[in-house]
Amino acid sequence: MNAHTKQQLLGCLWLSLAAAIWGGVYVVSKVVLAYIPPFTLLIIRFTISLLILGAIVVARKEYVSKRDLPLMMLVGFVGVTISIAAQFLGTKLSNAHMGAIITSASPAFIAVFAVWLLKERIGIHQIVGIALATAGVLVVVGLPDSSGEGHSLTGNLILLVAAVSWGLYTVLCKRATQTYSSLAVTAYVSFFGVLFSSPLMIWEMSTTPIDWGFGWDIWAGVLYVGVISTTVAFYLWNKGFEMVQAGSGAVFFFFQPIVGTLFGWLLLGEHLSFGFFIGAACILAGVAFSNRQNAEK
């Protein structure tokens, strides 16, 4: 096995772990968000990440040059203030079901932005892989029916913004990691994400009072969201895309619904249908097919 193949496999591993962590965090967030509203939780999670990664960056003196600060500001604004905030707001105005479906379009946008901004070539393997994995997501999550919960057009459009902006964020991060380490990029993303998102938290706290007297279990959930799903997962996601082509790495995003559904079944007693296994097989096949071209090199 040559060095290129080893790098590809390691990048795939990091992307898989990041997506799996984000899939599992839905269960934790479902509990924590009952006590802490979304934008406040967003600031808390990225502040924790900033404290951890920022300390490492300072210790290693891995500072970003002034000429590249605008890029870091753009990455933080797009990835945190726009994408994650839009996901929260869109889900609130629509519902989690539509959120899962619409944001699953992110890998397609990652591929598009990779062609546009990174001049990558997206082959038939990546296109078919993304399509196959998308079909798997629709089987796992299920299409909403007209008799279900009401869907807000505004909410769905905001969720689409979340999907598009996450694709742009991922590609911008890959561009940034061509110059700086993934750890440094993630730290700067956390800093500017907190900076630009703070007004949302201030507005939210002025309209939604919070009772901070909840138990240790909620604080443990907050730490999980801040340390594991933000500090660790965002670093792994950025590191993974540093090592693989964006078009091939995009499909690993689809591991989220698999892990999220499994944890919902194990920890929340949610129903696990036969369709889950069919959809999971489609997602895994899509991931394998999308990365087949790299494996053959």
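1. Let me start with E242, which in this predicted model is partly exposed, at a relative accessible area of 28%. Its salt-bridge partner is K239, and the closest N and O atoms of the two lie 3.7 Å apart. K239 counts as partly exposed as well, at 23% relative accessibility. Why can these two side chains be looked at as neighbours on one helix? E242 and K239 sit three residues apart in helix α9 (residues 216–243), so about one helical turn separates them.

2. The count of salt bridges comes to two, and the other pair to look at is E62 with R60, where N and O are 3.4 Å apart. R60 is exposed, with 53% relative accessibility. That value is over the 50% that marks the exposed class, so the label follows from the cut-off. E62, at a relative accessible area of 22%, is partly exposed.

3. While you are in that region, have a look at helix α2, which covers residues 38–60. Does its length fit or miss the expected span? With 23 residues at 1.5 Å a residue, α2 should span 33 Å, and its end C-alpha atoms are 33 Å apart, which agrees. Just after α2 comes K61, with a positive phi of about 60 degrees.

4. Helix α5 (residues 106–117) can be checked in the same spirit: with 12 residues, the helix reaches 16 Å from its first C-alpha to its last, close to the 16 Å expected. Just after α5, K119 takes a positive phi of about 60 degrees. Which residues of α5 are buried? They are S106, P107, I110, A111, F113 and A114.

5. One of those buried α5 residues, I110, turns up again among the contacts of T170. T170 belongs to helix α7 (residues 153–176) and is buried, at a relative accessible area of 2%. Setting aside residues up to four places away in sequence, T170 touches I110, W237 and F241. What does the polar part of the T170 side chain find? A polar atom there lies 3.0 Å from the backbone oxygen of W166.

6. S229 makes a nice companion to T170. This serine is in helix α9, and its relative accessible area of 0% makes it buried. A polar atom of the S229 side chain lies 2.5 Å from the backbone oxygen of V225. Beyond its neighbours within four places in sequence, S229 is in contact with I21, W22, V25, R45, Y224 and F234. R45 falls within the residue range of α2, so you can trace this contact from one helix discussed above to another.

7. For a loop residue, try D211, which lies between α8 (182–207) and α9. Is D211 buried or exposed? With 62% relative accessibility, D211 counts as exposed. A polar atom of its side chain lies 3.1 Å from the backbone nitrogen of G213. D211 and Y35 are 176 residues apart in sequence, and their C-alpha atoms are 7.4 Å apart in space.

8. On the surface there is a nonpolar patch made of V139, F274, F277 and I278, which together have about 410 Å² of accessible area. Which helix gives the largest share of the patch? That is helix α12 (residues 274–290), with three residues. I278 is found in α12 and counts as partly exposed, at 39% relative accessibility.

9. Finally, the chain as a whole. It has 13 helices and zero strands. Of its 297 residues, 50% count as buried. Its accessible surface comes to about 13,800 Å², and carbon and sulfur atoms account for 70% of that surface. Among contacts with a separation of 6 or more, 92% are between residues 24 or more positions apart.

Notes: Residues numbered from 1 in each chain as written. Predicted model: local features only at pLDDT ≥ 70, side-chain atom pairs only at ≥ 80, totals over all residues. Heavy atoms only, no water. Helix = DSSP H or I, 4+ residues; strand = E, 2+ residues; numbered from the N terminus. Expected span 1.5 Å × (residues − 1). Salt bridge = Lys/Arg side-chain N within 4 Å of Asp/Glu carboxyl O. Buried < 20%, exposed > 50% of the residue type's maximum accessible area, 1.4 Å probe, protein only. Polar contact = N/O pair within 3.5 Å; in protein donor to acceptor, adjacent residues only side chain to side chain. Patch = residues over 30% accessible without salt bridge, like charges linked within 9 Å, V, L, I, M, F, W, Y side chains within 5 Å. Areas by Shrake-Rupley, 256 points an atom, 1.4 Å probe, with all protein chains shown as cover. Contact = heavy atoms within 4.5 Å.
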